[in-house]
Amino acid sequence: QVQLVESGGGLVQAGGSLRLSCAVSGLGFSEYVMAWFRQGPGKDREFVVGISWSGGRTRYADSVKGRFTISADNAKNTVYLQMNTLKPEDTADYYCAALRSTYIVGGVNEYTFWGQGTQVTVSS
């Protein structure tokens with residue numbers, strides 16, 4: 001059974017940093033992409049960043065480009081999201097998602113597997 005488990009969320013002051021992790025299990029294929037989505041209070045879930053597991057290619061939302069960095073440790077089956085220079089508008093529940101694809105897409109409905117989410121709160 002495929003499982004994605006996020007961790008690393010918490011409360012941080014504006015300008016601070018957090019590192020989220022997504023532990024992946026049950027994916028017996030290499031041709032898939034991993035992505036981070038977030039959903040702020042009263043907002044739709046939105047694409048943050050994605051990475052091709054095998055190729056290492058990435059796509060970032062404009063709102064986080066230059067501040068967030070996604071990486072993958074294939075040996076540990078873990079995807080990370082390093083979040084620097086956090087802003088209050090980054091406050092959201094962050095979700096890890098997976099899709100059996102070689103192309104990084106940004107649509108919520110296109111992803112097959114989801115984690116439970118981890119809360120990130122950025123105070124001013």
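## A walk through an all-strand protein

Let's begin with charge: the protein carries 11 positive and 10 negative charges, and the mean positions of the two groups lie 4 Å apart. Keep in mind as you look around that this is a predicted model.

Now turn to the fold. How many helices and how many strands are there in the protein? The count is zero helices and eleven strands. If you follow the chain from one end to the other, the pattern therefore reads β-β-β-β-β-β-β-β-β-β-β. The radius of gyration is 13 Å, close to the 14 Å that the globule rule gives for 124 residues, so the protein is as compact as a globular protein of that length. For a sense of its extent, the C-alpha trace spans about 40 × 25 × 25 Å along its principal axes.

Next, think about what lies inside and what faces out. Of the 124 residues, 44% are buried. The protein exposes about 6400 Å², and 43% of that area comes from carbon and sulfur atoms. Distant parts of the chain also meet: among contacts with a separation of 6 or more, 58% are between residues 24 or more positions apart.

Strand β3 is a good place to see how strands sit side by side. On one hand, β3 (residues 18-25) is joined to strand β1 (residues 3-7) by five bridges, and these two strands run antiparallel. Within this pairing, look for Q3, which stands opposite S25 in β3. On the other hand, β3 pairs with strand β8 (residues 78-83) over six bridges, again in the antiparallel sense. Here you can find L20 standing opposite L81 in β8.

Finally, let's zoom in on a single residue of this strand, S21, which has its place in β3. Is S21 buried or exposed? Its relative accessibility is 18%, and because buried means under 20%, S21 counts as buried. What is S21 in contact with, once its neighbours within four places in sequence are left aside? The list is V5, E6, S7, W36, T78, V79 and Y80. Compare these names with the strands you have just met: β1 covers residues 3-7, and β8 covers residues 78-83. One more distance is worth finding in the model: the C-alpha atoms of S21 and G8 are separated by 6.2 Å, although these residues are 13 residues apart along the chain.

Note on methods
Residues are numbered from 1 along each chain as its sequence is written. This is a predicted model: local features need pLDDT of at least 70, side-chain atom pairs count only at pLDDT 80 or more; totals for chains, interfaces and linings use all residues. Side-chain values use heavy atoms; hydrogens and water are left out. Two strands pair if DSSP finds at least two bridges between them. Helices (H or I, at least four residues) and strands (E, at least two) are DSSP runs, numbered from the N terminus. The radius of gyration is taken over C-alpha atoms; the globule rule is 2.2 Å times the number of residues to the power 0.38. Buried means under 20% relative accessible area, exposed over 50%, partly exposed in between (1.4 Å probe, protein chains only). Contact means heavy atoms within 4.5 Å. Accessible areas come from the Shrake-Rupley method with a 1.4 Å probe; for residues, only the protein chains shown count as cover. Lys and Arg count as positive and Asp and Glu as negative; His and the chain ends are not counted. The place of a charge is taken as NZ of Lys, CZ of Arg, CG of Asp or CD of Glu.
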